[in-house]
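Thank you all for making time this morning. I would like to walk through one chain with you, so please have the sequence and the structure open while I talk.

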Amino acid sequence: MDKFLARTERYQALMIDAIDRLGLARIDAGGGQSAGELADTVLAAVDAQTALGRSSTGR
């Protein structure tokens, strides 16, 4: 169990570093938000990234 937890924490740290390095939006889904509130947060993040010149096709 300890090895699994250590691997999981390491994976999370690597993913956060990659997201930050790529300038992608990071959303905390563990804040006790309702599904609707979380969906609104995701959609707002998508709109913000599009507004910064990110293409919806990934190019």
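**A patch, a salt bridge and two helices**

Let me begin on the surface, where Tyr 11, Leu 14 and Met 15 together make a nonpolar patch of about 280 Å². I should say at once that this is a predicted model, and that the values I quote are computed from it. Tyr 11, one of the residues in that patch, lies in helix α1, and at 48% relative accessibility it counts as partly exposed, because that value falls between the 20% and 50% cut-offs. As a general reminder, an α-helix has 3.6 residues a turn, so residues three or four places apart point the same way.

Stepping back to the whole chain, we have two helices and zero strands, and of the 59 residues 5% count as buried. The accessible surface comes to about 5,100 Å², with 58% of that area belonging to carbon and sulfur atoms.

How long is helix α1, and does its length agree or disagree with what is expected? Helix α1 runs over residues 2-22, and its 21 residues, at 1.5 Å a residue, should span 30 Å; the C-alpha atoms at its ends are 30 Å apart, so the two values agree. After α1 comes Gly 23, which has a positive phi, near 70°.

Now to the charged side chains, where the count comes to one salt bridge. Which residues form it? The partners are Arg 26 and Asp 20, whose side chains meet at 3.1 Å, N to O. In general, side chains of opposite charge can pair when their charged atoms come close. Arg 26 is partly exposed, with a relative accessible area of 48%, and Asp 20 is likewise partly exposed, with 42%.

Finally, I would like to look at Leu 38, which is placed in helix α2, residues 35-51. Leu 38 has a relative accessibility of 24%, and therefore counts as partly exposed, since buried would require a value under 20%. Leaving aside residues up to four places away in sequence, Leu 38 touches Ile 27, Asp 28, Ala 29 and Gln 33. For Asp 28, which is 10 residues from Leu 38 along the chain, the C-alpha atoms of the pair are separated by 8.9 Å.

Note on methods:
Residues numbered from 1 in each chain as written. Predicted model: local features only at pLDDT ≥ 70, side-chain atom pairs only at ≥ 80, totals over all residues. Heavy atoms only, no water. Helix = DSSP H or I, 4+ residues; strand = E, 2+ residues; numbered from the N terminus. Buried < 20%, exposed > 50% of the residue type's maximum accessible area, 1.4 Å probe, protein only. Contact = heavy atoms within 4.5 Å. Expected span 1.5 Å × (residues − 1). Salt bridge = Lys/Arg side-chain N within 4 Å of Asp/Glu carboxyl O. Patch = residues over 30% accessible without salt bridge, like charges linked within 9 Å, V, L, I, M, F, W, Y side chains within 5 Å. Areas by Shrake-Rupley, 256 points an atom, 1.4 Å probe, with all protein chains shown as cover.
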